[in-house]
Amino acid sequence: MRPKVLVPLALFVCACSNQSGRSDAARSPDSGAAVAADPPAAVTPAVFEPATAPKEPPSVPGSQLHCGVGNATVLKDSGIGDLVIGRTVGVVKRSCNVVRDASELGTEGTTERILTVVLGGATVRAMVDGELIMRIAVDVPRFATPDGLRVGSSMTRLVSEKGVKPAEGEDGLYLVLPAHCGLSFRFSIPSRAPNGQQWTPEQLGRIRGNTTVGRILVTKCVK
């Protein structure tokens, strides 16, 4: 009697076992087989708010602008407080109480840009050229030089100063002093002496000694 052949059956069982193992591996997350990943979550784009423009600083009322002037402020050869020759209009307006900025007819018949500025309760006028302060006219006795010269000072006092010189003007006689480069002191008198000649300090003291300064002009000091 011939023996039965079992080898093909064993191979068949082994093949089925291997096939089942491969199927389980595909289904098992712990196997080395590739597993399809979940789709990525949707990303919400960032929303950027527009930048807020910086706020302008609050404007300061003109009455609160003191222009660097206090009770002891003096008339300097370059100006008063923050109102000085050569400063720009923009800088002056940020510091000083400018109540008027307009073109006016000047003493020589020309049109000039004039700033009217309140300083320590007094009003002065400044002529502008090319956005720069070029001349300041002081018509009040509120401000005096360190040595006491002001609107209202007498001719006698002025002509006693060392090196004083008369100068003719369209609107009167001016005196200039070496000790105050940049300042001119105007007197409302004829710019020439009665004999038609230029005034001398001695004549002015003798004939016009009681006349007082009516205006002080501040201009650029030129030596």
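**Group meeting: the sheet and the core**

Okay, so there's an open sheet of 8 strands here, ordered β3-β4-β5-β6-β10-β9-β8-β7, with antiparallel pairing. Strands are DSSP E runs of at least two residues, helices are H or I runs of at least four, both numbered from the N terminus, and two strands pair if DSSP finds at least two bridges between them. β3 (97–105) and β7 (165–169) sit at the edges with a single partner strand each, so one side of each has no neighbour in the sheet.

Quick caveat: this is a predicted model, where local features need pLDDT of at least 70 and side-chain atom pairs count only at pLDDT 80 or more, while totals for chains, interfaces and linings use all residues. Residues are numbered from 1 along each chain as its sequence is written, and side-chain values use heavy atoms, with hydrogens and water left out.

Zooming in, β8 (residues 172–176) and β9 (residues 183–187) pair antiparallel over 4 bridges. Val-176 has Ser-184 in β9 as its bridge partner.

Now, Leu-175. Skipping neighbours within four places in sequence, its contacts (heavy atoms within 4.5 Å) include Met-155, Leu-158, Phe-185 and Leu-204.

Over to Met-134, in strand β6 (residues 132–138). Is Met-134 buried, exposed or partly exposed? Partly exposed, at a relative accessible area of 34%; that class lies between buried, under 20%, and exposed, over 50%, using a 1.4 Å probe and protein chains only. Met-134 and Lys-220 are 86 residues apart in sequence, yet 7.1 Å apart in space, C-alpha to C-alpha. Beyond four places in sequence, Met-134 also touches residues including Ile-85, Met-127 and Val-218.
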